[in-house]
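Here is my note on the model, set out as numbered points for a reader at the bench.

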Amino acid sequence: MQIESPKHPTDNCQLSTVNCQLRKRLLSLDVLRGITVVGMILVNNSGGKLSYDSLQHSAWNGLTLCDLVFPFFLFIMGISTYIALSKFHFQASGSVVRKILKRTLVILCIGWAIHWFHFICDGDFFPFAHLRLTGVLPRIALCYCVVSFVALYVNHKYIGWLIGFLIAGYAVLLYIGNGYAPDDTNLLAIIDRNVLGADHLYHKSPIDPEGLTSTLSAIAHTLIGFCCGKIILAKEALEQKTLKLFVAGFILMACGFLLTEALPLNKRIWSPTFVLVTCGLAAMLQSVLIYFIDMKEKKNWCRFFEIFGVNPLFLYVLSEVVAIVIGATGSKPVIYEGVHFLIIDPYLASAVYALAFTLLMGACGYPLYKKKIYIKI
């Protein structure tokens with residue numbers, strides 16, 4: 001990992017001052033990324049067994065506020081990938097390819113190390129026979145890797161067709177493979193078990209929510225974010241780009257909702273409608289943030305989220321490690337009972353615990369933010 005401070009915009013940037021700043025560091029993108037990381041930490045660290053519905057994933061079909069967090073992050077990663085590779089004019093070179101492969105491998109290893117650390121805290125130092133290979137970070141790594149290589153080696157005018165092919169092909173796979181069945185007969189579960197082995201998958205349900213097969217849909221999801229990055233960096237007025245992004249998001253969302261009768265919204269299998277609706281909502285929210293933060297320069301309210309947005313991977317990993325340590329030492333129920341003693345409502349007490357934990361992570365990220373230190377891979 002490397003630690004970097006942000007660079008100042010160059011004076012000879014051919015775009016407008018605002019667009020030059022966007023290319024260097026898009027504040028509204030940092031804020032949206034920060035919102036998603038805050039959301040990820042909140043929903044992963046409820047205090048008790050009871051929590052508000054909005055802070056829980058849908059049991060199966062449906063969409064909650066919690067379900068928006070991870071897809072928003074993948075959408076943002078697609079935008080960030082476009083911005084990052086545009087600096088190299090999307091030309092493949094040895095250094096660029098090595099950087100992509102290195103970043104992919106590091107993220108994969110961090111994800112597996114977190115799972116391993118959980119076993120270590122339980123006294124199992126060599127859990128390789130049943131170490132989970134899937135998860136949030138492995139999915140992020142795979143989507144980043146595939147989208148980056150698509151950006152380098154596929155003509156960009158065909159990316160829209162590739163997205164359509166992936167989404168349509170996945171929809172057919174769900175239709176012929178009992179893809180909406182929440183049990184072992186689901187073709188997604190069958191493929192994942194045969195490819196990775198049941199011991200290396202999510203054990204709390206028959207369907208792995210970050211399974212290998214559903215990652216195909218997640219790749220299409222990230223590619224949509226990549227295309228939205230192209231809109232954001234286009235050489236035209238920021239007002240026009242913002243409007244285009246909002247309209248594109250609305251169309252995606254509307255198409256997704258129109259298709260829900262045939263293909264219900266489902267995060268656990270990353271259904272095609274889930275891709276369309278969440279990408280649409282993310283694009284619309286991103287356009288709104290660009291308008292208020294980058295155009296109107298209303299920035300004071302978003303500093304808290306910016307802290308998480310500039311160091312997302314570091315703070316997310318830190319939150320996972322701290323949560324594992326708290327759980328392994330038996331501190332969590334003690335802390336939660338203390339909160340519950342002050343707040344009788346168990347739902348509110350659980351939410352307050354999660355919020356306090358998130359604020360603790362923010363406090364850890366604040367010194368890095370103040371010193372303008374970005375921890376990158």
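The points below take up the core, the surface patch and the salt bridges in turn.

1. This is a predicted model, in which local features need pLDDT of at least 70 and side-chain atom pairs count only at pLDDT 80 or more, while totals for chains, interfaces and linings use all residues. Residues are numbered from 1 along each chain as its sequence is written, and side-chain values use heavy atoms, with hydrogens and water left out.

2. The largest nonpolar core (buried Ala, Val, Leu, Ile, Met, Phe, Trp, Tyr and Cys residues joined through side-chain atoms within 4.5 Å; buried means under 20% relative accessible area, exposed over 50%, partly exposed in between, with a 1.4 Å probe and protein chains only) has 83 residues. Helix 3 (residues 69-86) gives the most to this core, with 12 residues; helices here are DSSP runs of H or I, at least four residues, numbered from the N terminus.

3. Leu243, Phe246 and Phe250 are among the residues that make a nonpolar surface patch of about 750 Å², patches being built from residues with over 30% relative accessible area and no salt bridge, with nonpolar side chains (Val, Leu, Ile, Met, Phe, Trp, Tyr) joined within 5 Å and like charges within 9 Å. Accessible areas come from the Shrake-Rupley method with a 1.4 Å probe, and for residues only the protein chains shown count as cover. Helix 9 gives the largest share, five residues.

4. Aspartate 30 forms a salt bridge (a side-chain nitrogen of Lys or Arg within 4 Å of a carboxyl oxygen of Asp or Glu) with arginine 33, at 2.6 Å between the closest N and O atoms. Aspartate 30 is buried at 3% relative accessible area, and arginine 33 is buried at 11%.

Notes:
Helix = DSSP H or I, 4+ residues; strand = E, 2+ residues; numbered from the N terminus.
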